[in-house]
Amino acid sequence: LQRIKPDPSACLAIPELGLEVRAGQPLVTLISRDLEPLRGLRQLLQAWPIVSQTLPEAQLVLVGGRGQGYSLQTPKGQDHLEDALDQLPDQVNLEHIHYLGLLTHAEMLKLLQCSGCHVALSYPYTLSWSVLEALACAAPVVSNPDSPIALELQSNAKDALALVPFNDVASLASQTIELLEQPQQARAIGAAGRCWIERYGGLDHAVSAYERLFQRVREQVVT
């Protein structure tokens, strides 16, 4: 957590793509090992025309592979990203949608430090490392109530996430716009996420939890 932390002056430049983003810009991010329906790719791109119409300067950055991922649904085209992009209306400015593929870890952290709204929708499944790193970077995270991260935070940090139903595209668009238009609210959510990860996500906490677990197992074996 000393290395993965907020940076209000963060900047990520990808010269080969002609892309440069900075903290404070209206930037929406999605990161997944593979860009697929189970991680909210389709919902985000369905919401994007509403976001871009309201905030024409907003940028969308997508990071991840283009494999099948965990989804059982077969893409109609080459992959799920192509399917989602094909459904966008013609008036959407595609120059504001950036697919970066796979980044280095350092680049990904820079991107999260710049993010004004990190979308982390997910079916109930394993908790993503990148979501924990988004919280550590104080990126304001939008998720759904039954996602892995929402279930982790629901008992002691409900204010650390902005929640929308997984398939409610209108709510996702509205929440994204709200965070981009109200940076003070976005910073409050990001700060709450950072506080939670400092308390529950640090190495000391994890080591203590493992020690308690091993002690319980040891006691059960002995008895």
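**A tour from N144 to the aromatic pairs**

Begin by selecting N144, which is located in the loop that runs between β7 (141-143) and α5 (148-153). The model is a predicted one. With a relative accessibility of 0%, N144 is classed as buried. Display its side chain next: it reaches the backbone nitrogen of S122 at 2.9 Å. Then show the surroundings of N144; leaving aside residues up to four places away in sequence, it touches A120, L121, S122, A150, L163, V164, P165 and F166.

From F166, proceed to the aromatic pairs, of which the structure holds 2. Select Y123 together with F166: the ring centres are 4.8 Å apart and the planes stand at 85 degrees, so this pair is edge-to-face. Y123 belongs to the loop between β6 (117-119) and α4 (129-136), and F166 to the loop between β8 (162-163) and α6 (169-181), so the pair ties together parts 43 residues apart in sequence. Colouring by accessibility shows Y123 as partly exposed, at 42%, whereas F166 is buried, at 11%.

Move now to W196 and Y200, whose ring centres lie 5.7 Å apart with planes at 35 degrees, so the pair is tilted. Both residues are in helix α7 (residues 183-200), where a spacing of 4 residues separates them by about one helical turn. W196 is buried, its relative accessible area being 9%, while Y200, at 25%, is partly exposed.

Finally, select R66 and Y99. R66 is placed over the face of the Y99 ring, 5.1 Å from the ring centre.

Technical notes. Residues are numbered from 1 along each chain as its sequence is written. This is a predicted model: local features need pLDDT of at least 70, side-chain atom pairs count only at pLDDT 80 or more; totals for chains, interfaces and linings use all residues. Side-chain values use heavy atoms; hydrogens and water are left out. Helices (H or I, at least four residues) and strands (E, at least two) are DSSP runs, numbered from the N terminus. Buried means under 20% relative accessible area, exposed over 50%, partly exposed in between (1.4 Å probe, protein chains only). A polar contact is a pair of N or O atoms within 3.5 Å; within protein, one must be able to donate a hydrogen and the other to accept it, and residues adjacent in sequence count only if both atoms are side-chain atoms. Contact means heavy atoms within 4.5 Å. Rings of Phe, Tyr and Trp (its six-membered ring) pair if their centres lie within 6.5 Å; planes under 30 degrees apart count as stacked, over 60 as edge-to-face and the rest as tilted. A charge sits over a ring if NZ of Lys or CZ of Arg is within 6 Å of the ring centre and within 35 degrees of the ring normal.
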